[in-house]
Amino acid sequence: MRKLRKIALPLAVFALGIGSAYATTASVKSGSTVELGYRFDPLAPAEKCQMTEQECSTIPSGDVCTYTDVSGEHNLFEQGCVNTLYKIQ
């Protein structure tokens, strides 16, 4: 009986760890990767990170998502203007 406990308990803990890791990865991948882009405007009086109507992806694809207005072309970011967004492929 002791031998069974010595073998079964570590295997059960290992299986639980693998299952938890898989469940976490699957839930992150199933989330939406498309969101509206935010542009950083240093001249804005209050909120410097302003929402646009441009849809972008959070999945790195090589091309950075951009927004063009009268002041020029701007890179787009996630809310908070920290993480870069990418063009939808």
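Two strands count as paired when DSSP finds at least two bridges between them. That rule is needed to follow the sheet in this predicted model. Strands of a sheet pair through backbone hydrogen bonds, either parallel or antiparallel.

Begin with the sheet itself. Four strands form an open sheet, and their pairing is antiparallel. Read across the sheet, the order is E2-E1-E4-E3. Strand E2 (49-57) and strand E3 (66-69) are the edge strands. Each of these two pairs on one side only. Neighbouring strands are turned by 40 degrees against each other on average, direction ignored.

Now set the sheet in the chain. The protein has one helix and four strands. From the N terminus on, the elements run α-β-β-β-β. The helix therefore comes before the strands, as the definition of numbering from the N terminus lets us read from this order.

Next, look at how the strands meet. Strand E4 covers residues 72-77. Four bridges link E3 and E4 in the antiparallel sense. A hairpin joins E3 to E4 through two residues. To find a place where the two strands face each other, look for Tyr67, which stands opposite His74 in E4. Strand E4 also pairs with strand E1, residues 34-40. Here two bridges make the link, and the strands again run antiparallel. In this pairing, look for Arg39, which stands opposite Leu76 in E4.

Then turn to the cysteines. A disulfide is a covalent bond between the sulfur atoms of two cysteines. How many disulfides does a search of the whole structure find? The search finds two.

One of them joins Cys49 to Cys81, with an S to S distance of 2.0 Å. Cys49 lies in strand E2, while Cys81 lies in the segment after E4, so the pair ties together parts that are 32 residues apart in sequence. The torsion about the S-S bond is about 90 degrees, so this disulfide is right-handed. Are its two cysteines buried or exposed? The cut-off for buried is under 20% relative accessible area. Cys49 has 11% relative accessibility, so Cys49 counts as buried. Cys81 has 17%, so Cys81 counts as buried too.

Cys56 and Cys65 form a disulfide as well. Their sulfur atoms are 2.0 Å apart. What is the handedness of the link of Cys56 and Cys65? The link is left-handed, with -60 degrees about the S-S bond. Both Cys56 and Cys65 are buried.

Put the bonds side by side. With the bonded cysteines numbered in sequence order, the pairing is 1-4, 2-3.

Finally, step back to the whole protein. There are 89 residues in the protein, and buried residues make up 18% of them. The four bonded cysteines sit among the buried residues, as Cys49, Cys81, and the pair Cys56 and Cys65 show. The accessible surface comes to about 7000 Å². Carbon and sulfur atoms account for 60% of that surface. Contacts tell how the chain comes together. Among contacts between residues at least 6 apart in sequence, 43% join residues at least 24 apart.

Definitions and conventions. Residues are numbered from 1 along each chain as its sequence is written. This is a predicted model: local features need pLDDT of at least 70, side-chain atom pairs count only at pLDDT 80 or more; totals for chains, interfaces and linings use all residues. Side-chain values use heavy atoms; hydrogens and water are left out. Buried means under 20% relative accessible area, exposed over 50%, partly exposed in between (1.4 Å probe, protein chains only). Contact means heavy atoms within 4.5 Å. Accessible areas come from the Shrake-Rupley method with a 1.4 Å probe; for residues, only the protein chains shown count as cover. Axes are lines fitted to C-alpha atoms, for helices over the stretch in contact, and angles run from 0 to 180 degrees between N-to-C directions. A disulfide is a pair of cysteine sulfur atoms within 2.5 Å.
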